[in-house]
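Good morning, and thank you for joining. I would ask you to keep the sequence and the structure in view while I speak.

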Amino acid sequence: MNKTLIKKFYFNVHLNEALLLENDETMTTAAKVIADGGLVAFPTETVYGLGCNAFDGVAVKKVYEAKGRPSDNPLIIHICNYAMLDNLIGYLPEKAKKLMDLFWPGPITFILPKGDAVALDVTGGLSSVAVRFPNNEVALRLIEKANVPIAAPSANSSGKPSPTRATHVAFDLDGKIDMIIDGGACEFGLESTIVDVTEEIPVLLRPGSITLEMLQQAVGEVKVDDGVIYKIEGEHKPKAPGMKYTHYAPKATVNIVNGELEAVVSTINNFVLENAPHQKIGIMATEQTKHLYTCENVLSVGDRNDPKTIGANLFKILRKFDHIGVELVYAEGFSDSEVYMAVMNRLRKAAGFHIINV
Ligand code: TXA
Ligand code: MG
């Protein structure tokens, strides 16, 4: 394949005629790539997606190839209106409708009974289908202009942290895909919440910015799948096939240090003293603690008083450790409270479940 075409989408309110035209051309080009069976990476409010026509089996296969993704790991289908949903699903369960009314368009994906029009290649052979109505202007315009539902996994190489910037996509997939639309940094930075609504009691398969408590408030009891908390081995089998794979892993070994913040800082400083002579070390700190470390590569992931900043920066920071070539990362942990459930889920996987409790 030729070099990937990268086009910027301009959001600036002072858009002049030329830039407006350029935005329109970008979307027309992207829609044509999709119509021709190609792959377009595009921003959403969660992470960048790698999109293709959900009804084009050959294009779907190319998505798996570009990412190096196992074929049993199904894709999420993205829509821009409810009419598109009708063609994808068998029927709409009552609780799904209630949750959609509350949270769509937005950072939540529903596992629904699959409709006949959806090929098994997209669902990894499952009789259910994952659907999301994103809340991002570029994503919505792209789906609208392409006029087909767009199947899109996160636009990273399989196993790497999901991309939250166009540069992350280019780093992983340049030359393997047709086009990247650069719409700037993603608002949430963590992938969507996934809820299985095919059974009477909904099941949370992947935590995200729509929290467990928000779901429970809307529909009462919600179960939490094993794959959300536990390392996948033995009797713990995740319902979302993707949750069983190694994920979000930077090249460095990551250790999470959990506990009272003061103890966490002193423990990490001790580890640095011990290991610094032999290994290049990085610390994932927060705004509250970044000045308390003596190590060279201290990166702040965000503000503990503003958890949204931590979700938004997590994958960027994990990628940055790779970029500066650290071999060992100590990451401050967070409580498993409502707001940090999604952050800790990703961080535990990035760390291969290496957790030091102090
Ligand atoms: O925020 C997001 O969800 C992003 C953006 C691009 O929308 N997409 C994303 O896709 O994170 P991906 O492919 O990286 O993750 C999709 C997850 C995988 O863990 C997959 O196994 C699960 O959804 N999944 C898809 N279809 C499923 C199904 N029918 N049943 C259970 N899990 C499913
Ligand atoms: Mg992914």
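How far does a polar side-chain atom of arginine 132 lie from an oxygen atom of ligand 1? The separation is 3.1 Å. Please bear in mind throughout that this is a predicted model.

Let me stay with the ligand. Asparagine 73 also places a polar side-chain atom beside an oxygen atom of ligand 1, at 2.6 Å. For serine 128, the partner is a nitrogen atom of ligand 1, and the distance from the polar side-chain atom is 3.0 Å. As for the cover, the accessible area of ligand 1 on its own is 680 Å², and the protein covers 97% of that. Ligand 1 sits in the largest pocket.

Which residues form the surroundings? Ligand 1 has 28 residues around it, and the closest are Thr46, Asn73, His78, Ser192 and Gly242. In terms of secondary structure, at least two residues of this shell come from each of strand S4 (76-78), strand S6 (128-132) and strand S10 (203-206). The strand that gives the most is S6, with four residues.

I turn now to the aromatic rings. The structure contains seven aromatic pairs. One of them joins tyrosine 82 and tryptophan 104, with 6.1 Å from centre to centre and 50° between the planes, and this pair is classed as tilted. Tyrosine 82 belongs to helix H3 (residues 82-86), whereas tryptophan 104 is in the loop between helix H4 (94-103) and strand S5 (108-113); the pair therefore ties together parts that are 22 residues apart in sequence.

Are these two residues buried or exposed? Tyrosine 82 has a relative accessible area of 35% and is partly exposed. Tryptophan 104 is at 7% relative accessibility, and because buried means under 20%, tryptophan 104 counts as buried. The two rings also belong to a wider arrangement, since ring pairs link Tyr82, Trp104, Phe110 and Phe133 into a cluster.

Tryptophan 104 deserves a second mention for its backbone. The peptide bond that joins tryptophan 104 to proline 105 is cis, with omega at about -10°. Proline 105 is placed in the loop between H4 and S5.

Two further residues have backbone angles to note. Asparagine 147 is not a glycine, and its phi is positive, near 60°. This residue is found in the loop between helix H5 (137-146) and S7, and at 60% relative accessibility asparagine 147 counts as exposed. Phenylalanine 353, likewise not a glycine, has a positive phi of about 65°. Its position is the loop between helix H10 (341-350) and strand S16 (355-357). With a relative accessible area of 25%, phenylalanine 353 is partly exposed.

Next, a polar contact within the protein. With which side chain does the side chain of serine 162 make a polar contact? The partner is glutamate 191, at 2.5 Å. Serine 162 is in the loop between strand S7 (150-151) and helix H6 (166-173), and its 1% relative accessibility places serine 162 among the residues that count as buried.

Finally, a word on lysine 61, which lies in helix H2 (residues 57-67). Lysine 61 counts as exposed, at 55% relative accessibility. Its C-alpha atom is separated by 33 Å from that of methionine 341, and along the chain the two residues are 280 residues apart.

Thank you for your attention.

Definitions and conventions. Residues are numbered from 1 along each chain as its sequence is written. Chains are lettered from A and ligands numbered from 1 in the order in which they are written. This is a predicted model: local features need pLDDT of at least 70, side-chain atom pairs count only at pLDDT 80 or more; totals for chains, interfaces and linings use all residues. Side-chain values use heavy atoms; hydrogens and water are left out. Rings of Phe, Tyr and Trp (its six-membered ring) pair if their centres lie within 6.5 Å; planes under 30 degrees apart count as stacked, over 60 as edge-to-face and the rest as tilted. Buried means under 20% relative accessible area, exposed over 50%, partly exposed in between (1.4 Å probe, protein chains only). A residue is near a molecule or strand if one of its heavy atoms lies within 4 Å of it. A polar contact is a pair of N or O atoms within 3.5 Å; within protein, one must be able to donate a hydrogen and the other to accept it, and residues adjacent in sequence count only if both atoms are side-chain atoms. Accessible areas come from the Shrake-Rupley method with a 1.4 Å probe; for residues, only the protein chains shown count as cover. On a 1 Å grid over the protein atoms alone, a cavity is a set of points where a 1.4 Å probe fits but cannot get out, and a pocket is an open set with protein on both sides within 12 Å along at least five of seven lines; lining residues have an atom within 4 Å of a point. A molecule sits in a cavity or pocket if more than half of its atoms lie within 2 Å of its grid points.
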